[in-house]
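Please look over the sequence and the model below before reading on. The paragraphs that follow begin with one local feature and then move outward to the chain as a whole.

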Amino acid sequence: IPVAALLLAFLAYRANHREAKSSGGSLDLALRQDARREAQLEVRLISATCEMQADRRIFIYDMVVRNPSDRANAVAEVDLHFDYTVGGRVVTVKAPWRRPETESPPGALTIPINLSANSASAGSLQIVVAESLLHGHAIERVALLMRDTFGRDLRVPLQFIQEVVRTEDED
């Protein structure tokens, strides 16, 4: 009887071990599905331009915003953060996106950018910064901060911005 009990224990162990291995694949699948339900946004910056005018700067970002998750989401808020130095101290200014007073150009993104599950939206996002916010200082760093409907922040650092000077005759 001890040999039979040992044999039964060994067979039960092997059966449990096989079941645990096969359920491990199910667990991985469930974890991947759960990760796809997690709200997230991705941004790919195509180009960045700053139109410099006498009284303001218009920052124009051509981008693709993706929602790779299995639930709807939206870009609910966008702020442009820029830094400059005054007397050895770094000053950070936050300029929020505002709806344009005039008609938006074709392809302009407006906030909120609603994204259904597994979708994307592409276009230009424009943020106007009054020259008075700069107080004559040179901008050292610029980043877009986007907040989704779930309160998650996505920071898009901007390394290169093409500057274009516009005169009043060109307006």
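In this predicted model, a convenient place to begin is the hairpin formed by E3 and E4, which has 2 residues between its strands, and in whose turn Gly87 adopts a positive phi of about 55°. The two strands, E3 covering residues 73-86 and E4 covering residues 89-96, run antiparallel and are joined by 8 bridges. One of the pairings involves Val86, whose bridge partner in E4 is Arg89.

Following the chain beyond E4, one enters the loop that leads to strand E5 (113-115), and Ala108 lies in this loop. Is Ala108 buried, exposed or partly exposed? Its relative accessibility is 26%, and Ala108 therefore counts as partly exposed, since that category lies between the 20% limit for buried residues and the 50% limit for exposed ones. Ala108 can also be related to Ala122, which is 14 residues away in sequence, while the C-alpha atoms of the two residues are 8.8 Å apart in space.

A residue on the other side of the 20% limit is found in strand E1 (residues 42-52), where Thr49 is located. Thr49 counts as buried because its relative accessibility is 17%, and burial requires a value under 20%. Which residues does Thr49 touch, once its neighbours within four places in sequence are left aside? The contacts of Thr49 are with Ile58, Phe59 and Ile60, and also with Ile161, Gln162 and Val164.

Helix H1, which spans residues 2-37, contains Leu11. With a relative accessible area of 47%, Leu11 is partly exposed, and it belongs to a nonpolar patch on the surface that also includes Leu7, Leu8, Phe10 and Tyr13. Together the residues of this patch have about 560 Å² of accessible area.

These local views can now be set within the whole chain. The protein chain has 1 helix and 9 strands, and their order along the sequence follows the pattern α-β-β-β-β-β-β-β-β-β. Of its 171 residues, 30% count as buried, and the chain exposes about 11300 Å², of which carbon and sulfur atoms supply 53%. Where contacts between residues at least 6 apart in sequence are considered, 68% of them join residues at least 24 apart.

Technical notes: Residues numbered from 1 in each chain as written. Predicted model: local features only at pLDDT ≥ 70, side-chain atom pairs only at ≥ 80, totals over all residues. Heavy atoms only, no water. Pairing = 2+ DSSP bridges. Helix = DSSP H or I, 4+ residues; strand = E, 2+ residues; numbered from the N terminus. Buried < 20%, exposed > 50% of the residue type's maximum accessible area, 1.4 Å probe, protein only. Contact = heavy atoms within 4.5 Å. Areas by Shrake-Rupley, 256 points an atom, 1.4 Å probe, with all protein chains shown as cover. Patch = residues over 30% accessible without salt bridge, like charges linked within 9 Å, V, L, I, M, F, W, Y side chains within 5 Å. Salt bridge = Lys/Arg side-chain N within 4 Å of Asp/Glu carboxyl O.
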